[in-house]
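Me: I would like to go through this model by question and answer. Please begin with the overall fold and then move on to single residues.

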Amino acid sequence: MIKNNSSQFFLSFFYLLTGFIILDFSYLLLKPFILGYHYVYFWDFSIHHNMLSWIIAGSCIVLAILLRTPNKSFIEMVYNKDKRTASYYGMGVFAVLFVGMIFFIIAPYVSDILYDYRNNQCLDSFWYCFDFLK
């Protein structure tokens with residue numbers, strides 16, 4: 001079944017990935033305004049030190065615009081009612097990769113959140129510092 005609908009599988013995955021890239025880079029563009037940095041220097045530093053990321057993001061956005069079907073919204077491009085199975089597979093693969101990426105980013109920090117290794121004590125402001133967990 002997936003062989004007949006492989007193009008919808010890749011389209012669903014690609015549009016979800018492009019949506020995530022747009023959200024991520026819009027936060028990066030808004031970050032100097034939120035944190036009060038000088039936006040021209042911040043953007044210049046970001047573009048010069050992450051050139052490959054900006055090129056990939058721009059390419060994905062341009063390709064998504066070129067692949068877009070007229071008269072369809074973003075949701076309709078990700079989820080096609082005629083090719084449900086392929087749409088579900090594309091969304092599932094994106095979800096698994098996204099959760100895996102988040103897990104590998106957050107995993108090194110979990111031990112520091114649970115226990116203060118510098119002072120050798122449990123952090124008193126969190127729920128896991130109750131007596132039965134020590």
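Me: In what order do the helices and strands follow one another along the sequence?
Reply: The model is a predicted one. The protein chain has five helices and two strands. Read along the sequence, the pattern is α-α-α-α-α-β-β.

Me: What percentage of the residues in the protein chain is buried?
Reply: The protein chain has 134 residues, and its accessible surface is about 10400 Å². Carbon and sulfur atoms hold 69% of that surface. The buried share of the residues is 21%.

Me: Which helix gives the largest share of the largest nonpolar core?
Reply: The largest nonpolar core has 11 residues, including Phe-14, Ile-21, Ala-57 and Met-77. Helices H1 (6–35), H3 (51–67) and H4 (74–78) each give two or more residues to this core. Five residues, the largest share, come from H1.

Me: Which residues does Val-78 contact, leaving aside its neighbours within four places in sequence?
Reply: Val-78 belongs to the largest nonpolar core, as do Tyr-15 and Leu-16. Both Tyr-15 and Leu-16 are in contact with Val-78. With neighbours within four places left aside, the full list of its contacts is Gln-8, Ser-12, Tyr-15, Leu-16, Ser-87 and Met-91.

Me: Is Ser-46 buried or exposed?
Reply: Ser-46 sits in helix H2 (residues 39–49). Beyond its neighbours within four places in sequence, Ser-46 is in contact with Leu-28 and Trp-54. Its relative accessible area is 5%. The cut-off for burial is under 20%, so with 5% Ser-46 counts as buried.

Me: What distance separates the C-alpha atoms of Lys-31 and Phe-42?
Reply: Lys-31 is in helix H1 and is partly exposed, with a relative accessible area of 26%. Along the chain, Lys-31 and Phe-42 are 11 residues apart. Their C-alpha atoms are separated by 8.8 Å.

Me: Which helix supplies the largest share of the nonpolar patch?
Reply: The nonpolar surface patch covers about 990 Å², and its residues include Tyr-27, Phe-33, Leu-35 and Tyr-41. At least two residues of the patch come from each of H1 and H2. The largest share, five residues, is from H1.

Me: Why does Leu-35 count as partly exposed?
Reply: Leu-35 lies in helix H1 and is one of the residues of the nonpolar surface patch. Partly exposed residues fall between the 20% and 50% cut-offs. Leu-35 counts as partly exposed because its relative accessibility is 45%.

Key. Residues numbered from 1 in each chain as written. Predicted model: local features only at pLDDT ≥ 70, side-chain atom pairs only at ≥ 80, totals over all residues. Heavy atoms only, no water. Core = buried A, V, L, I, M, F, W, Y, C linked by side-chain atoms within 4.5 Å. Buried < 20%, exposed > 50% of the residue type's maximum accessible area, 1.4 Å probe, protein only. Helix = DSSP H or I, 4+ residues; strand = E, 2+ residues; numbered from the N terminus. Contact = heavy atoms within 4.5 Å. Areas by Shrake-Rupley, 256 points an atom, 1.4 Å probe, with all protein chains shown as cover. Patch = residues over 30% accessible without salt bridge, like charges linked within 9 Å, V, L, I, M, F, W, Y side chains within 5 Å. Salt bridge = Lys/Arg side-chain N within 4 Å of Asp/Glu carboxyl O.
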